[in-house]
Structures are given as C-alpha cells and as structure tokens.
Amino acid sequence: MRDLKSSSVEIGQLAQLSLDRMADAVFLSDSNAEIFYANQAASRLLNWERNELLSQKIWQIDAELTKEDWESYWNELQENGAIERDTTYITVTGAPIAVETTTSYIVETDKPYSCIVARPLSKRNADAREVQRAREQLRAVLDAVPGFVSWISADGRYLGVNRHLAASYNMPPETFVGKELGFLKNSPEFVEFVRAFLHNEDLYSSQVIQANVRGVDRYYIIAAQKYDEGRATVAVGIDITDRKQSEEALRRSESRLREQTQQLEEALRERQKAQAHLIQSEKMYALGQMVAGMAHEINNPINFIYGNLAYADNYVKDLLGLMQLYREEIPDLTPNLEAEIEAIDLDFIASDLPKIIDSMKIGAERILKLVLSLRNFSRLDEAEFKRVDLQEGLDSALVILNHRIQGHIEIVKDYRTLPKTYCYPAQLNQVWMNLLCNAIDAVSERSIETSAIETPLKEPKIIVSTEPLNGDRVCVRIRDNGRGIPPKLIEKIFDPFFTTKPVGAGTGLGLAICYQIIENHRGSIHVQSEVERGAEFTVVLPVKPFDRENGT
C-alpha cells in the first residue's frame with residue numbers, strides 16, 4: 001500500500017504533465033505578476049521559448065494591462081476569486097492575438113498565485129467582439145455629442161437616440177426605440193423635415209427647426225445623413241437657441257438703429273428746410289424792404305418828372321410856335337440873329353426837341369412800370385392770404401429780370417384765362433423769380449458753352465404758360481431749351497443746399513424754398529428734363545382757399 005507522501009508526489013507529477021499537455025495556454029504568476037510557469041500551449045500561442053516566458057511579467061504579454069493597472073487588477077482578483085475577460089496578447093514578434101482568458105486566485109502554503117488559462121478567440125468571435133467594441137465606441141462618442149442624435153428607419157420609426165436627447169425629455173433611451181417619428185408632438189418642423197428627407201434622393205440635408213423642450217421653445221440646426229443604402233438616417237441636432245436669440249436681438253437692435261437713423265435724417269432734413277426757409281425768408285424780407293423802399297423813393301421824383309413832362313411839352317410847343325411866328329412876321333433879321341440861328345441850328349432843334357420830350361415820356365413810363373412791378377413783387381402791403389392774379393406776378397418777375405433777358409433770350413408767353421387764386425402773393429412771386437432765374441441761367445450757360453466750341457448757336461428761349469385745370473386748380477409751366485438736367489440729379493434738385501452751379505454762383509436754396517412754398521400752398525411742383533433739350537417746371541396750385549391751420 002502506497003504511503004501518503006508518495007501519493008502526493010505522484011499526483012503532483014500527473015498535474016504538471018496534464019498542464020503541459022493542455023490545449024489551452026496556462027500561465028502561473030505570483031502577486032508581482034512574474035510568470036514562473038508556462039505550458040507548451042502558452043509557448044506555441046506566443047511563439048516564445050518557455051524559459052524566455054519565465055522572465056516576463058503578465059503586463060508585458062497582455063496588451064490591455066499595464067504596470068500601473070496591476071495592483072487594482074490583483075485586488076479585484078483577490079476579492080472575486082476569478083476574472084473572465086477578453087483581451088489581446090502580444091507574440092514575440094509584436095503581433096496581437098485576441099484571446100479569452102480565465103484567471104483564478106490560488107493560495108498555496110499561505111502564498112497567493114494566479115492561474116491564467118487563455119485560448120485564442122475564433123474569427124467569428126473576434127469579429128463579433130470588434131463589432132461590439134465598435135458599437136460601444138460609437139455609442140460613447142454619440143453620447144458625448146453635445147446635441148440630439150437619433151437613428152430613424154425609412155418608415156419613420158426611431159431606431160435609437162443618444163443619452164443627451166433622452167435626458168432632455170427625462171426618458172430612458174430605449175423608450176424611443178420603435179416609436180413613430182413625432183410621438184413627442186414637440187416639433188412638427190422636425191417631423192416634416194425628416195419625412196421629406198427620407199422620401200427624396202438626397203444623401204445629406206440640413207435645416208434650422210424649432211422644438212419645444214419641456215415647455216421651452218428652442219432652436220436647432222438639424223443635419224441628416226442617410227446610411228444602410230438609404231434605408232435609415234441619422235439626424236444630429238445642435239442647439240443654436242442662444243445664437244438665434246442673439247441674432248434676433250441684433251436684428252431688433254439694427255431695426256431700432258435704422259428707425260433712429262431715419263428719425264435723425266428726417267430731423268436733419270426738417271432742420272435744413274427750416275434753416276433754408278429762415279435764410280431765404282430773411283433774405284427775401286430784407287430784399288423786399290429794400291425794393292419797396294427804392295420803389296417808393298424812385299416813385300416820388302419820377303411822378304414829379306412824368307407829371308411835369310406834359311407841361312414841358314406844351315411849353316415847348318408854344319415856344320416853337322411863337323418862334324415860327326416871329327420868323328414869319330419879321331423875315332429880315334439882324335446879322336447877329338442870323339449868325340446865332342445858324343450856329344445853334346434852330347431848325348434841327350425845332351424838329352428834335354418834341355422827339356426828346358416824347359422819349360422822356362417813354363422813359364418815365366417805363367420807370368413807372370418798373371416801380372409798379374417792384375411793388376407788386378415785394379407786396380409788403382399784401383402779406384396776407386388773399387386772391388390774386390398769378391399772371392401779374394409772372395409779369396412782374398419778367399419785368400424785374402428784363403436786364404438779363406432783353407436782347408439775347410426770347411420770352412414766349414402762352415397765357416390762358418385763369419381764375420384768381422388764393423395764396424400768399426409775396427411767397428409765390430418768390431417762386432416765379434427763382435424758377436425764371438434758373439431758366440435764364442440754363443439758357444445762358446448753353447449759349448456760352450455752345451459758342452465756345454464754335455457750333456451753330458441755338459436761339460435761347462423761355463416759354464411761360466398758364467392754364468386752368470378742372471376748374472379748381474391752375475397750372476403754371478416754365479420751360480427752357482437749355483442743356484437739361486441729368487437723370488441722376490433730378491431727385492436731388494429740391495434738396496436744401498444742393499446746387500449744380502460753381503462755387504459762388506448759387507446757394508442751392510432757391511428750388512428747395514420753391515418746393516416748401518408750393519407744398520405749404522397744398523400744391524405740387526414737378527420737373528421734367530431731357531439732356532440737351534431743356535427742362536420744364538410745372539406748378540399746380542388750388543384755386544380755392546385751404547385751411548392753413550389744419551393743412552386741408
């Protein structure tokens with residue numbers, strides 16, 4: 001009968017023989033991860049010599065275990081007694097081998113050991129493991145995305161969602177799987193976008209949508225990409241609510257800024273109009289006072305001269321008649337008288353003196369007419385709102401401007417019978433003066449420039465016409481055949497201080513004042529122009545009085 005000691009030795013030899021012949025690789029290591037046993041299968045698996053394996057540590061052959069991880073790994077092994085895991089071993093050439101391992105915790109004679117049994121993973125198992133690892137990696141990535149991610153099938157059902165999307169609605173991710181698109185009823189825009197995308201041929205699309213998340217409206221930019229040959233799509237939504245709100249605030253700010261800018265521009269235009277009106281009013285008031293004063297000062301002596309010309313004419317006729325009677329009654333004159341008569345050419349004086357008197361009458365009449373025109377133009381005694389004949393104001397302005405017209409500009413008057421019009425006469429006379437001055441400047445410039453290049457000179461002409469309109473309005477047109485106004489300047493000519501004249505030749509207030517005066521009379525002023533064919537200003541005014549307080 002065998003004793004216990006010999007039996008133990010025999011069992012130990014049989015155990016080692018069994019380990020050496022096992023198909024699975026077996027490694028024995030101590031608590032420091034030093035390998036002190038490796039069977040032949042382990043040598044074949046890693047292509048190491050057995051004695052070379054005994055100089056390695058576990059983390060040197062296990063690619064997924066490091067020196068720093070060993071302590072926590074050993075503590076877990078002590079606590080659980082065994083660990084099953086899939087890992088990757090490294091061969092002597094550095095090539096990786098996927099293996100499944102079972103590590104057991106063994107204590108022998110109060111010393112702890114680990115026994116690792118490792119077998120290579122089959123290709124199928126390895127592929128499945130890689131697929132699972134890829135899925136877990138993708139899931140980790142998508143869960144880390146700071147936005148909403150969902151997978152949706154072609155029939156419009158959720159295949160899955162990421163952690164962030166599920167957490168936003170306080171639901172577990174698996175709750176979404178199999179549910180129809182739009183079951184949350186929080187974003188019709190998202191549902192419409194995804195369904196349209198699934199039914200078209202595009203592989204990628206994006207759109208900004210609005211969604212209600214827990215009662216709060218949010219904005220997302222959704223990017224959708226098809227996969228699995230178009231049988232499913234993944235949709236990623238990034239929250240852009242803050243940006244959207246910033247853009248909206250910026251738009252509101254820009255809108256307020258535009259409104260304020262428009263208000264400032266309008267205030268500036270009104271100020272310019274008021275300033276222009278004030279300057280022109282003061283200028284015209286001073287001019288009117290001066291013209292009225294000059295007219296009054298000229299009127300008295302010219303009336304005296306004109307009134308006495310009739311008496312002087314009679315006296316001259318009487319004296320010439322008496323002289324002729326002397327010559328008939330006393331034909332024989334003394335030599336001295338004959339010499340004096342011959343020296344002064346008495347016959348010439350007798351024939352020319354009546355002509356001189358007639359010329360003086362004509363000159364005096366013209367001065368009286370000019371004085372009357374000056375008084376009519378200034379109308380300081382007629383500043384109130386009243387009925388006047390507009391054609392009288394036009395004629396007065398033409399008389400005053402006669403020194404610029406006479407001799408080189410043809411004036412054509414085409415007057416129709418007009419009803420008397422309620423207006424401020426002095427203000428409208430100012431309009432006629434400005435429009436006529438501009439017309440004179442236009443035809444004068446054309447004459448000068450045309451002469452300078454030695455081309456046939458077109459006869460300068462200004463046509464002033466009037467006509468009634470429908471019985472309650474009247475129209476005044478002033479047309480010239482000057483060079484015209486370029487189209488790009490038409491819309492600016494009524495702006496205060498805008499002028500096309502050289503520096504020192506105009507302030508740019510004339511037409512702006514005309515526009516204001518006509519507008520205050522509830523009328524309208526328009527301009528039509530053709531380059532090289534002249535310009536025409538049309539003024540339309542109401543005949544009947546309007547409510548000057550309410551502007552009606």
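# Exercises on a predicted protein model

Of the 41 residues that make up the largest nonpolar core, those touching the most other members are Leu390, Trp432, Leu435, Ile462 and Phe537. A nonpolar core here is a set of buried Ala, Val, Leu, Ile, Met, Phe, Trp, Tyr and Cys residues joined through side-chain atoms within 4.5 Å. Buried means under 20% relative accessible area, exposed means over 50%, and partly exposed lies in between (1.4 Å probe, protein chains only).

The model is predicted: local features need pLDDT of at least 70, side-chain atom pairs count only at pLDDT 80 or more, and totals for chains, interfaces and linings use all residues. Residues are numbered from 1 along each chain as its sequence is written, and side-chain values use heavy atoms, with hydrogens and water left out.

## Exercise 1: The core

Find which elements give two or more residues to the largest nonpolar core.

Solution. Start with the elements themselves: helices (H or I, at least four residues) and strands (E, at least two) are DSSP runs, numbered from the N terminus. Those giving two or more residues to this core are the helices α12 (390-400), α14 (425-452) and α16 (510-520), together with the strands β14 (461-469), β15 (473-480), β16 (524-530) and β17 (534-542). Next, look for the top contributor: α14 gives the most, with nine residues. Apart from this core lies another one of 24 residues, among them Leu46, Leu53, Ile58 and Leu77.

Now zoom in on Leu390. Contact means heavy atoms within 4.5 Å. Leaving aside neighbours within four places in sequence, Leu390 is in contact with Thr421, Cys423, Leu428, Trp432, Val474, Val476 and Leu541.

## Exercise 2: Two buried residues

Decide whether Phe494 is buried or exposed, and do likewise for Thr538.

Solution. First place Phe494: this residue lies in the loop between α15 (487-490) and α16. Its relative accessible area is 17%, so Phe494 is buried. Then list its contacts: not counting residues up to four places away in sequence, Phe494 touches Leu511, Ala512, Tyr515, Ile525, Val527 and Phe537. For one of these pairs, compare sequence and space: Phe494 and Val527 are 33 residues apart in sequence, and their C-alpha atoms are 9.9 Å apart.

Turn to Thr538, which lies in strand β17. Thr538 counts as buried because its relative accessibility is 14%. Leaving aside neighbours within four places in sequence, Thr538 is in contact with Cys475, Val476, Arg477, Ser524, Ile525 and His526.

## Exercise 3: A five-stranded sheet

Work out the order of the strands in the five-stranded open sheet.

Solution. Two strands pair if DSSP finds at least two bridges between them. Begin with β6 (residues 148-153) and β10 (residues 232-239), which pair in the antiparallel sense over six bridges. As an example, the bridge partner of Ser153 in β10 is Ala232. Next, β9 (residues 216-227) runs antiparallel to β10 and is joined to it by eight bridges; here Tyr220 has Asp239 as its bridge partner in β10. β9 and β10 form a hairpin with four residues between them, and Asp228 in the turn has a positive phi of about 55°.

Put together, the order is β7-β6-β10-β9-β8, with antiparallel pairing. The edge strands are β7 (158-161) and β8 (204-213), each of which pairs on one side only. Neighbouring strands are turned by 25° against each other on average, direction ignored. Finally, helix α8 (residues 188-199) packs on the sheet, touching β6, β7, β8, β9 and β10, and its direction makes about 155° with that of β8. For these angles, axes are lines fitted to C-alpha atoms, for helices over the stretch in contact, and angles run from 0 to 180 degrees between N-to-C directions.

## Exercise 4: Cysteines

Count the disulfides, and explain why Cys437 is not bonded to Cys514.

Solution. A disulfide is a covalent bond between the sulfur atoms of two cysteines. The rule used here asks for a pair of cysteine sulfur atoms within 2.5 Å. By this rule the count is zero. The closest cysteine sulfur to that of Cys437 is in Cys514, but because they are 9.7 Å apart, this is too far for a bond.

## Exercise 5: A loop residue

Find where Asn32 sits and what it touches.

Solution. Asn32 is in the loop between β1 (25-29) and β2 (35-38). With 48% relative accessibility, Asn32 counts as partly exposed. Leaving aside neighbours within four places in sequence, Asn32 is in contact with Lys57, Trp59 and Trp70. Asn32 and Trp70 are 38 residues apart along the chain, while their C-alpha atoms are separated by 8.3 Å.
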